[in-house]
Amino acid sequence: MKNLSVNVEKGFRLEKKKVHSFISKLIGDAELKITNLEFNFVSAKTMIEINKKYLNHNYDTDIITFDYSDERNNLDGEIFISLPQAVANSKIYRVTIDNELLRLLIHGILHMIGFDDVTAAKRIRMKKVEDGLVYKYKSYAKGLIKKL
């Protein structure tokens, strides 16, 4: 897909074509446009550095989204996903790593189209939409990750 890039930090193996395929389907179904969208799958160390630099937090987190667009239907930004945190979450929530990665991809896109999870009410609303999309697109989860 044009204007979509998927970057994977050295040491991890991800099926980039599957990420592209899923994001293309989601974007098409939601009638969104992409100016420039970058997915970065990173280590805990990299995520902590980003979290410190931009959010003043000294810890790993599963996802950080930077939205550069003023238009909700036009995606322009960067999404960072911590692969080690995704693995930890998959164990906590008893789902496959592929399903957890699908959830994180959806979560990042939802942030970019205006969803927020800073309050309990907004978190509940976002989670409901996220869960529905994870269920709808569950067939895209299989085989996202090659090797950790």
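This section describes helix α1, the two largest pockets and residue Tyr135 in a predicted model.

Helix α1 comprises 14 residues, spanning positions 16-29. The distance from its first C-alpha to its last is 20 Å, close to the 20 Å expected at 1.5 Å a residue. Five residues of α1 are buried, namely Val19, Phe22, Ile23, Leu26 and Ile27. Viewed down the axis of α1, the buried residues fall within an arc of 130°, so they line one face of the helix. An α-helix has 3.6 residues a turn, so residues three or four places apart point the same way. The cover over the buried residues of α1 comes from strands and helices alike: it includes the strands β1 (4-8), β2 (13-14), β3 (33-42) and β5 (74-82), together with the helices α4 (97-112) and α5 (120-136). Just after α1, glutamate 31 adopts a positive phi of about 55°.

Two pockets were examined. The largest pocket has a volume of about 450 Å³. Its lining consists of 17 residues, of which Tyr93, Glu100, Arg103, Lys127 and Glu130 are the closest to the pocket centre. Helices α4 and α5 are the elements that give two or more residues to this lining. The most is given by α5, with six residues. By class, the lining of the largest pocket contains nine charged, five nonpolar and three polar residues.

The second largest pocket holds about 280 Å³ of space. Of the 13 residues that line the second largest pocket, Ile63, Ile64, Thr65, His111 and Asp117 are the closest to its centre. Two or more lining residues are given by each of α2 (44-55), β4 (63-67) and α4. Strand β4 gives the most to the lining of this pocket, with three residues. The lining of the second largest pocket divides into six polar, five nonpolar and two charged residues. Helix α4 thus appears among the elements giving two or more residues to the lining of the largest pocket and among those doing so for the second largest pocket.

Helix α5, which gives six residues to the lining of the largest pocket, also contains tyrosine 135. The relative accessibility of tyrosine 135 is 61%, and because exposed residues are those over 50%, tyrosine 135 counts as exposed. Tyrosine 135 lies 89 residues from threonine 46 in sequence. In space, the two residues are 30 Å apart, C-alpha to C-alpha.

Key: Residues are numbered from 1 along each chain as its sequence is written. This is a predicted model: local features need pLDDT of at least 70, side-chain atom pairs count only at pLDDT 80 or more; totals for chains, interfaces and linings use all residues. Side-chain values use heavy atoms; hydrogens and water are left out. Helices (H or I, at least four residues) and strands (E, at least two) are DSSP runs, numbered from the N terminus. The expected span of a helix is 1.5 Å times one less than its number of residues. Buried means under 20% relative accessible area, exposed over 50%, partly exposed in between (1.4 Å probe, protein chains only). The arc is that of the directions from the helix axis to the C-beta atoms. Contact means heavy atoms within 4.5 Å. On a 1 Å grid over the protein atoms alone, a cavity is a set of points where a 1.4 Å probe fits but cannot get out, and a pocket is an open set with protein on both sides within 12 Å along at least five of seven lines; lining residues have an atom within 4 Å of a point. Grid points are joined across faces, edges and corners, and a volume is the space filled by probe spheres set on the points. Ala, Val, Leu, Ile, Met, Phe, Trp, Tyr, Cys and Pro count as nonpolar, Asp, Glu, Lys and Arg as charged, and the others, Gly among them, as polar.
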